[in-house]
Amino acid sequence: MMVVLSGLLAASLAIGLPVGSAYADEPTDGTGAGTSATEVLDSLEVKGRAPKTGYKRTQFGKAWADVDHNGCDTRNDILNRDLTGVRHKWRTHNCVVKSGKLHDPYTGKDIKFKKGKKTSTAVQIDHVVALSDAWQKGAQKLSEERRTALANDPYNLLAVQGRANQKKSDGDAATWLPSNKGFRCEYVARQIGVKHKYSLWVTQAEKEAMAKVLSPCPTQTVPDYTGVKDSTAEKTTESEQTEQTQTEQSAEQAQQTQQTTQAPAPEPAPAPAPAPQPAPQQDVYYQNCTAARAAGAAPIYQGQPGYRSQLDRDHDGVACE
């Protein structure tokens, strides 16, 4: 037994591994999770950035493909994983996220997400190691299948604020870091884990930037693998969600009915004003008393319609006597 142990110790020393190194029990996902981030960083190859020539998004497969065949595209997988208070679009089997809230790791802000042409971009899915950066640091040597895996690997994906994602673009740690300083150690450690998993290298400037970020947090390890939540864990089924929606609608209708019942009765409308009495017909005109008699109006007293002083010959107030 001692001979075997001695042989293993000698082999470790021969390849440069420190005794007791975590690499002896490296996780099978290839990220180096649980190992000192600084130690894994030192294991990465340092080379110059290769030309971007030939880079296209399609080199990494179809965007947001359902590579794990769970019936849900990668974008919605990550939204389901990273958002809280998630509500789904009806009849999508708890896949398409309709709304939720994100605690953005890049800015530290809380963001309300609502699916829509003008609102969905508030929350975007970022590649922790940007695909263009990966292309220039070894990914162009990977198979298309491996590149597709990199583009859709939940370990390399985070739901983040859209503006922060746009500002980052394809920058590496030497050119961009999250404004949320409390997340920088974990962010850089995850980049290191991704590059270790997919055999990507770092530039000298990038390595120095990563080491600078990690210097205040020497105990930072490469983060554990973060996959997609189990589609059955902590999620309501489609029928349960439908039932919940119907319950909420019924509650709203009941509340509206209660408000209507409790609302004070409106004051009675004021009684309509009495119809105005027709004004006396002061414009009745009789050419002479013959006409007045023919109309049955004679005699005509002063003040009555049709009275004229010309018809009252004796001026006693009575015309056409």
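Colleague: Is α7 mostly covered or mostly exposed, and how many of its 14 residues are buried?

Modeller: Mostly covered: 12 of the 14 residues in α7 are buried. Keep in mind that this is a predicted model.

Colleague: Which residues of α7 are buried?

Modeller: Among them are Cys-185, Tyr-187, Val-188 and Ile-192. The buried set of α7 also includes Arg-190, Lys-195 and Lys-197.

Colleague: What covers the buried residues of α7?

Modeller: The cover includes the helices α2, α4, α5, α6 and α8.

Colleague: How far does α7 reach from its first C-alpha to its last?

Modeller: The helix reaches 20 Å, close to the 20 Å expected for its 14 residues at 1.5 Å a residue. Just after α7 comes Ser-199, which takes a positive phi of about 55 degrees.

Colleague: Which residues touch the most other members in the largest nonpolar core?

Modeller: Those are Tyr-106, Val-188, Ile-192 and Leu-200, in a core of 37 residues. Two or more residues each come from α2, α4, α5, β5, α7 and α8. Helix α7 gives the most to this core, with six residues.

Colleague: What does Leu-200 touch?

Modeller: Leaving out residues up to four places away in sequence, its contacts include Leu-44, Val-129, Ala-134, Leu-142 and Leu-150. Leu-200 also touches Lys-137 and Lys-195. Apart from that core lies another one, of 11 residues, including Leu-83, Phe-113, Ile-125 and Leu-157.

Colleague: Changing topic. How many disulfides are there?

Modeller: The count is two. One disulfide joins Cys-185 to Cys-217, with the sulfurs 1.9 Å apart. The torsion about that S-S bond is about -95 degrees, so the link is left-handed. Cys-185 sits in α7 and Cys-217 in the loop between α8 and α9, so to speak of distant parts of the chain is fair: they are 32 residues apart.

Colleague: Are Cys-185 and Cys-217 buried or exposed?

Modeller: Both Cys-185 and Cys-217 are buried.

Colleague: And which cysteines does the other disulfide join?

Modeller: Cys-72 and Cys-95, with an S to S distance of 2.1 Å. This link is right-handed, with 85 degrees about the S-S bond. Cys-72 lies in the loop between α2 and α3, and Cys-95 in the loop between β1 and β2, so the pair ties together parts that are 23 residues apart in sequence.

Colleague: Why does Cys-72 count as buried?

Modeller: Because its relative accessible area is 6%, and buried means under 20%. Cys-95 counts as buried too, at 7% relative accessibility.

Colleague: You mentioned strands. In what order do the three strands of the open sheet come?

Modeller: The order is β1-β2-β3, and the pairing is antiparallel. β1 and β3 stand at the edges with a single partner strand each, so one side of each is left without a neighbour in the sheet. Neighbouring strands of this sheet are turned by 10 degrees against each other on average, direction ignored.

Colleague: How many bridges join β1 to β2?

Modeller: Three bridges join β1 to β2, which covers residues 97-103. One residue to look at is Arg-87, whose bridge partner in β2 is Ser-99.

Colleague: Which helix packs on the sheet?

Modeller: That is α3, residues 74-82, which touches β1, β2 and β3. The direction of α3 makes about 50 degrees with that of β2.

Methods: Residues are numbered from 1 along each chain as its sequence is written. This is a predicted model: local features need pLDDT of at least 70, side-chain atom pairs count only at pLDDT 80 or more; totals for chains, interfaces and linings use all residues. Side-chain values use heavy atoms; hydrogens and water are left out. Two strands pair if DSSP finds at least two bridges between them. Helices (H or I, at least four residues) and strands (E, at least two) are DSSP runs, numbered from the N terminus. Axes are lines fitted to C-alpha atoms, for helices over the stretch in contact, and angles run from 0 to 180 degrees between N-to-C directions. Contact means heavy atoms within 4.5 Å. A disulfide is a pair of cysteine sulfur atoms within 2.5 Å. Buried means under 20% relative accessible area, exposed over 50%, partly exposed in between (1.4 Å probe, protein chains only). A nonpolar core is a set of buried Ala, Val, Leu, Ile, Met, Phe, Trp, Tyr and Cys residues joined through side-chain atoms within 4.5 Å. The expected span of a helix is 1.5 Å times one less than its number of residues.
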